[in-house]
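Me: Please take a close look at one part of this model for me, the beginning of the chain, and then follow the trail from there. I'd like it as one connected story rather than a table.

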Amino acid sequence: MISANMKHVQERIDAACANSGRDTKEVTLIAVSKTKPVEALMEAYEAGARDFGENKVQELLDKIPQLPSDVRWHMIGHLQRNKVKYIIDKVCLIHSVDSLRLAEEISKEALKHGITANILVEVNVAAEESKFGVSVEEAETLVSDIAKLPGICIKGLMTIAPFVDNEEENREYFRKLKQLSVDIMRKNIDNRNMDKELSMGMTGDYKVAVEEGATYVRVGTGIFGERDYKKES
């Protein structure tokens, strides 16, 4: 089932790229594996998945040694400052940086480990009270402030769009994040050289997200099936 699901998701990504004149190689599919057993992750791995996303630090730490070493791990959930030290040298990208204080902790731990931490700034484009992320209006200032920190590379922006039945309803939010990215990069703030990565789109709306410029899509249910919410409590 997982292999077939991955093939279906990739076909939809390919179609979205074709619709928008993009190269499929520009889009990375992240298999969101939170609450899923290692056996399910291995099935996805054997079907070609190499990028996996986790929401919780402990679950991430538990799974890393059980998967092959060429897996690229993404921290996609809200990250507490006191847990940065546990994952700083274990993930390829932190998608959810939403404050200067968190960025400062990442910078501190990156310097301790002698590495450069790749991050995305999380933007709450839809201004949902239940979601983390900096506002659209505050995003440029946060990027500028983080750019001054050593040991951090700002790869781009991330957003979590509202849960909707019709994915077209989220097109405006993906379009706004893309435009925000373009606007910030045009200003060359402190030579921060923010990359063009855009992490946006999940199981219910990744096709529209790709059409609007996503370079990372985070798909969980579409690959692994429904989550066991009891394991998230």
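Reply: Contact here means heavy atoms within 4.5 Å. With that in hand, Ser 20 is in contact with Val 210 and Glu 211, once you leave aside its neighbours within four places in sequence. Before going on, some housekeeping: the model is predicted, so local features need pLDDT of at least 70 and side-chain atom pairs count only at pLDDT 80 or more, while totals for chains, interfaces and linings use all residues. Residues are numbered from 1 along each chain as its sequence is written, and side-chain values use heavy atoms, with hydrogens and water left out.

Back to Ser 20, which belongs to helix 1; helices (H or I, at least four residues) and strands (E, at least two) are DSSP runs numbered from the N terminus. Ser 20 is partly exposed at 28% relative accessible area, on a scale where buried is under 20%, exposed is over 50% and partly exposed is in between (1.4 Å probe, protein chains only). From Ser 20 to Val 208 is a jump of 188 residues in sequence, yet their C-alpha atoms are 9.9 Å apart in space.

The other side of that meeting is worth a look too. Lys 207 sits in helix 8, residues 206–211, and counts as buried at 19% relative accessibility. Not counting residues up to four places away in sequence, Lys 207 touches Arg 12, Ala 16 and Asn 19, plus Glu 167. For contrast in sequence span and distance, take Ala 15, another helix 1 residue, whose C-alpha is 27 Å from that of Asn 124, 109 residues along the chain. Ala 15 is partly exposed, with a relative accessible area of 31%.

Now for how helix 1 packs. Helix 1 (residues 2–20) and helix 2 (residues 38–46) pack at about 50°, and their axes are 9 Å apart. The axes are lines fitted to C-alpha atoms over the stretch in contact, and angles run from 0 to 180 degrees between N-to-C directions. The two helices are therefore oblique to each other, that being what is left once under 35 degrees is roughly parallel, over 145 roughly antiparallel and 65 to 115 roughly perpendicular. At the contact, helix 1 brings Ile 2, Ser 3 and Met 6, and these meet Ala 40, Glu 43 and Ala 44 of helix 2. By type, the residues of that contact split into four nonpolar, one polar and one charged.

Step back along the chain from helix 2 and you reach Thr 35, in the loop between strand 1 (28–32) and helix 2. Thr 35 has a positive phi of about 70° although it is not a glycine, and this residue is buried, with a relative accessible area of 8%. Ala 127 makes a nice partner for it: its phi is near 55°, again a positive value in a residue other than glycine. Ala 127 lies in the loop between strand 5 (117–122) and helix 6 (136–147), but it is exposed, at 60% relative accessible area.

The trail from helix 2 also runs into the interior, through Glu 54. That residue is in strand 2, residues 51–54, and counts as buried at 0% relative accessibility. Beyond its neighbours within four places in sequence, Glu 54 has a long contact list, including Ser 33, Lys 34, Leu 41, Lys 63, Trp 73 and His 74. The C-alpha atoms of Glu 54 and Gly 77 are separated by 6.7 Å, with their positions 23 residues apart along the chain.

Leu 60 is also among the contacts of Glu 54. Leu 60 is in helix 3, residues 57–63, and at 0% relative accessibility it counts as buried. Again setting aside neighbours within four places, Leu 60 is in contact with Glu 54, Trp 73, Met 75, Ile 87 and Val 91. Its C-alpha is 12 Å from that of Ile 94, 34 residues away along the chain. So much for the walk: it began at Ser 20 in helix 1 and ends at Leu 60 in helix 3.

Technical notes: Nonpolar A, V, L, I, M, F, W, Y, C, P; charged D, E, K, R; others polar.
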